[in-house]
Amino acid sequence: MISARGLRKAFTVKNGTLVEAVRGIDLDVPRGEAFGFLGPNGAGKSTTMRMIACVSPRTSGELSILGLDPAADGVRIRARLGVVPQQDNLDEELSVRENLYIYGRYFGIAKAACWAKADELLDFAQLVDKAKTKVETLSGGMKRRLTIARSLMNDPELLLLDEPTTGLDPQARHVLWDRLFRLKQQGVTLILTTHYMDEAEQLCDRLVVMDGGLIVAEGSPAELISRYSTREVLELRFDVRQETTAQDTVAGLAERVEVLPDRLLLYGDDGERMLTEALRRGATPISTLVRRSTLEDVFLRLTGRSLAD
Amino acid sequence: MSGSPFTDPSLTARSDPGDPRFPADRGALLVWEYLIRGWRRYLLSSTAEAVGAPLLYLLAMGVGLGTLVDRGGRTAALQGVSYLQFIAPALLVAAAVQTGMNEASYPTFARFKWQRIFWGISATPITPRQIADGQLLYYLTRMATGSALYYLVVAAFGAAGRPLGVVMIAVGTLTGLSCAVWVMVVSATLRGEGGAFNVIFRFVLIPMTLFSGSFFPIAQLPLVVRWLAWLSPLWHGNQLARAATGTHGDWPSSFGHLAYLAALAVVGVAVARRRFEKRLVV
């Protein structure tokens, strides 16, 4: 579906300096896979997505989408893609149904077929009641569902979702995940960017972590966790500034210890045993938690805890 | 129950590049179709304005002010026609210019900046150039229908001159286009909040409307500023529209006016298409 070798993208910004947003990445996404790009802001995820969407020419490297070269066949590729942009770009003054209709028209779909498809997708997006409503009155979650429905007007083989659930409440996110999961079951290849780890774990068969324009890790969520983190994590919460003294107490207990302002994170295979031993050595946490490692642990380890921007 | 988007195979009207329905050559028309759909919401108020404005202007200026102007007998400066006949073609052209420049400013800019609609369209098989062309077709539609309605009102006032005067509809549309494309270039280039449009309206559109021979011949202007009128597309449009009514002008000068407006429009279209590409493909 997608294959990239040494893919690069550089922009010239205002003062004439060259900014390398993507600095040489390799990708292979087979048909039917749900593939995720994880990474902090500015990691190059969206730039990569725009290159895949054939709206941003690559600076160098090879890129093939659906077996075609975006530089030569952008129009043909776009005809078979669905795109859910980071920011909604619906026509707020038209109705929900009209938004679907006009978008289908851009793919050359006949008028009657466009209306029929629009009705079908209204059902899929649970927006039947809102069909005649102006888009500007919809909630954020509804707009997002409409944007996803819109991206399906041409029955895309490949669906690109750039931060599909950013800014939504938990209910709206779960409804969206449910819809995306259905699409995946129907064999649509999904490519998504996110910085929600739970989203990545829910939806992605495989993912890459990007940082500074490069891919720093690649694998299934479970693989990444086993490779870059431990099975379990013990979290010890302390009163302010006691965590530094506690750090000495627990030294050597875990494979890796991470120090946060109010907490120590102990990475190891058996959380309970680390806890028992820490308490035996005289640590006095105000609360404790043993949990399994998540992608978030992987992510923070790989991309650091400092803010990207 | 929620259906899946893939249940009914008869509806999977996939657009295939090999399919004749594929919009490669009619993308601009599809964008135009969309813009017309948006316009339909305002059709009533838009039509009311398109008929009401000429009615008021012709009554107030052509008839009201005209009574004073014509009191001293028809002056040679107005080529011997009544003031109403003198300003009617110019008012029509000015209205088309205003419609075109208005549409090319905030509404177009908003599709880049706030609504981001052009980015949505450019994710489909439609190209940035087709988006630009669709916009142009839409401006042309707005200006042509506006000018046609204006012409009907002018004709009702008996100020449209000979039957050939109907050509002023095309003249208005072309003049409007020659101005609108350049505002469209600004819309595709601006990054800020669109304050530049206020500058354009205040310091370009209004002076141009007042000093392009619309309300008085530019021969009344001092020589030092008359060249500004010669640069004004509106002046060329006015002269051409008056020539159509048969009250003024000759073939060679008409050809010159036409060439000037066409050149402004053609170069503007080329620049606007480039600007759309630069903005949407990054």
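Q: What does helix H10 (residues 271-280) of chain A lie across, and at what angle does H10 run to S10(A)?
A: Helix H10 lies across strand S10 (232-237), S12 and S13 of chain A, and its direction is at about 35° to S10(A). Axes are lines fitted to C-alpha atoms, for helices over the stretch in contact, and angles between N-to-C directions run from 0 to 180 degrees. Helices (H or I, at least four residues) and strands (E, at least two) are DSSP runs, numbered from the N terminus.

Q: What kind of model is this, and how are its parts numbered?
A: This is a predicted model, in which local features need pLDDT of at least 70, side-chain atom pairs count only at pLDDT 80 or more, and totals for chains, interfaces and linings use all residues. Residues are numbered from 1 along each chain as its sequence is written, while chains are lettered from A and ligands numbered from 1 in the order in which they are written.

Q: How confident is the predictor in chain A, and where is confidence lowest and highest?
A: The mean pLDDT of chain A is 91, with 98% of its residues at 70 or more; pLDDT is the predictor's confidence in each residue, from 0 to 100. Helix H9 (residues 243-249) of chain A has the lowest confidence in the chain, a mean of 79, and helix H3 (residues 96-105) of chain A the highest, at 97.

Q: What makes H3(A) mostly covered?
A: In H3(A), 10 of its 10 residues are buried, among them A:Arg97, A:Glu98 and A:Tyr101. A residue is buried if 20 or more other C-beta atoms lie within 10 Å of its own, exposed if 12 or fewer, and partly exposed in between, with C-beta atoms placed from the backbone. The cover includes helix H4 (111-124) and helix H5 (140-151) of chain A together with helix H1 (27-40) of chain B. For chain A as a whole, 47% of the 309 residues count as buried.

Q: Why are S11(A) and strand S12 (residues 263-268) of chain A called a pair?
A: Two strands pair if DSSP finds at least two bridges between them. S11(A) and S12(A) have 4 bridges, in the antiparallel sense, so they meet the cut-off. A:Val259 stands opposite A:Leu264 in S12(A).

Q: Which strands are the edges of the open sheet S11-S12-S10-S13 (chain A)?
A: The edge strands are S11 (256-259) and S13 (287-292) of chain A, each of which pairs on one side only. Neighbouring strands of this sheet are turned by 20° against each other on average, direction ignored.

Q: How do you know that S1(A) pairs with both S2(A) and S4(A)?
A: S1(A) has 9 bridges to S2(A), and strand S1 (residues 2-12) has 5 to S4(A), so both pairs pass the required bridge count. A:Lys9 is matched with A:Val22 in S2(A), and A:Arg5 with A:Glu62 in S4(A). The result is an open antiparallel sheet in the order S2-S1-S4.

Q: What makes the set containing A:Ala149 and B:Leu92 a core?
A: A nonpolar core is a set of buried Ala, Val, Leu, Ile, Met, Phe, Trp, Tyr and Cys residues joined through C-beta atoms within 7 Å. The largest such set has 145 residues, and A:Ala149, A:Leu160, A:Leu190 and B:Leu92 have the most contacts inside it. Helix H3 (residues 83-104) of chain B gives the most to this core, 15 residues.

Methods:
Contact = placed C-beta atoms within 7 Å.
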